[in-house]
Amino acid sequence: MKTDSPLYLHYKKKLSQSPVFSGLSDEILADMLGEFHHTTWRQGVVTGGVSLTERFYLIIDGRVKIQRIDAASGNRITLFLLGPGDGFDVISLLDNQPHEILPVALDDLQLLSAPRQTVREWISLHPEFNRNFLPYLGEQMRTIEELATDLATKDTLTRLARLILRHTIPGASSGQGGHSVRLIHDLHHDALAHMIGATRQVVNKHLRAMRNQGILDRDSHHLVVAELGALKEKAEKFLSRE
């Protein structure tokens with residue numbers, strides 16, 4: 001991206017707010033931004049293949065779900081739900097190998113992308129960048145660890161409650177007196193099901209029950225947590241019969 005671009009300062013600010021690039025000097029940010037190109041994806045776009053093996057993407061605006069699909073059954077699992085400031089594909093960035101994932105745009109997306117090999121060089125050349133990148137990678141590894149543990153040890157109600165809890169912003173009012181939910185607040189029930197290894201019908205049943213119990217706001221079309229303490233109790237249950 002050229003410095004005379006009318007949106008250069010806007011993207012530089014967005015880059016500095018990303019957990020992967022925060023705290024870097026203006027000089028380093030400027031050098032890195034020179035390697036990025038702005039691109040857009042329309043809502044619903046599914047991307048794979050060469051574009052993922054050759055480039056690293058940083059989300060400026062919008063959300064992306066990262067999925068794996070079993071070729072034989074067609075079953076799918078959502079590994080990550082990413083928002084502004086997040087980057088992908090981190091795994092290919094590390095091992096320089098193809099990665100069988102499918103990013104799906106949940107909104108119209110604004111993205112910055114840079115050649116994967118260039119970003120790999122930043123890891124070696126800039127200790128300041130690495131100090132951000134390693135904790136970010138650790139956070140993604142913990143996300144996968146929690147997903148695997150939940151799938152193996154928790155029932156679907158507990159998994160759904162834990163998913164909602166992870167995205168709830170304590171103390172952040174929704175305007176309706178409840179707690180706002182980030183990133184997953186307006187997802188369709190089948191999308192939520194793909195995040196917890198369940199079906200849309202099961203998610204429908206559990207959401208309806210939590211609304212009837214007053215845990216979730218009954219009147220909102222989106223996810224709004226009305227009783228945070230009760231949601232935490234649901235999220236801490238151990239495996240039980242359904």
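Me: Which helix gives the most to the lining of the largest pocket?
Reply: Let's start with who takes part in this predicted model. Strand 4 (76-82), helix 6 (127-153), helix 7 (156-166) and helix 8 (189-196) each put at least two residues into that lining. With eight residues, the top giver is helix 6.

Me: What is the volume of the largest pocket, and which residues are closest to its centre?
Reply: The volume comes out at about 610 Å³. There are 27 lining residues, and the ones closest to the centre are F80, L81, T143, R166 and H167.

Me: How many residues in the lining of the largest pocket are charged?
Reply: The lining is a mix of three kinds of residue. Twelve are nonpolar and seven are polar, while the number of charged ones is eight.

Me: Why does the largest pocket lie between domain 1 and domain 2?
Reply: First, the chain splits into two parts, domain 1 (7-140) and domain 2 (154-236). The largest pocket lies between them because its lining takes residues from both domain 1 and domain 2.

Me: Where does the second largest pocket lie, and what is its volume?
Reply: Use the same reasoning here: domain 1 and domain 2 both give residues to this lining, so the second largest pocket lies between them. Its volume is about 220 Å³.

Me: Which helix gives the most to the lining of the second largest pocket?
Reply: This pocket has 13 lining residues, with Q43, L106, D186, L187 and H188 nearest its centre. They divide into five nonpolar, three polar and five charged. Strand 6 (102-105) and helix 8 each supply at least two of the lining residues. The most, three residues, come from helix 8.

Me: Which residues of domain 1 lose the most area to domain 2?
Reply: The centres of the two domains, taken over C-alpha atoms, are 27 Å apart. Their contact takes nine residues from domain 1 and ten residues from domain 2. Between them they bury about 800 Å², with 61% of it on carbon and sulfur atoms. On the domain 1 side, 57% of what is buried comes from three residues together: R63, T78 and L81.

Me: Which peptide bond is cis?
Reply: Have a look at D89, in the loop between strand 5 (87-88) and helix 4 (90-95). The bond leading into D89 has omega near 5 degrees, and that cis bond runs from F88 to D89.

Me: What is phi of L183 near?
Reply: You'll find L183 in the loop between strand 9 (179-181) and helix 8. Its phi is positive, in a residue other than glycine, with a value near 70 degrees.

Me: In which helix is confidence lowest?
Reply: Overall, the chain averages a pLDDT of 89, and 93% of the residues score at least 70. Confidence peaks in helix 9 (residues 200-212), at 96. Where pLDDT is low, you shouldn't read the predicted coordinates in detail. The lowest confidence, at a mean of 72, is in residues 50-54, which make up helix 3.

Technical notes:
Residues numbered from 1 in each chain as written. Predicted model: local features only at pLDDT ≥ 70, side-chain atom pairs only at ≥ 80, totals over all residues. Heavy atoms only, no water. 1 Å grid on protein atoms, 1.4 Å probe; cavity = no way out; pocket = protein on both sides within 12 Å on 5 of 7 lines; lining within 4 Å. Points joined across faces, edges and corners; volume = space filled by probe spheres on them. Helix = DSSP H or I, 4+ residues; strand = E, 2+ residues; numbered from the N terminus. Nonpolar A, V, L, I, M, F, W, Y, C, P; charged D, E, K, R; others polar. Domains from an automatic or database assignment. pLDDT = per-residue confidence, 0-100. Contact = heavy atoms within 4.5 Å. Buried area = accessible area lost by both parts, 1.4 Å probe.
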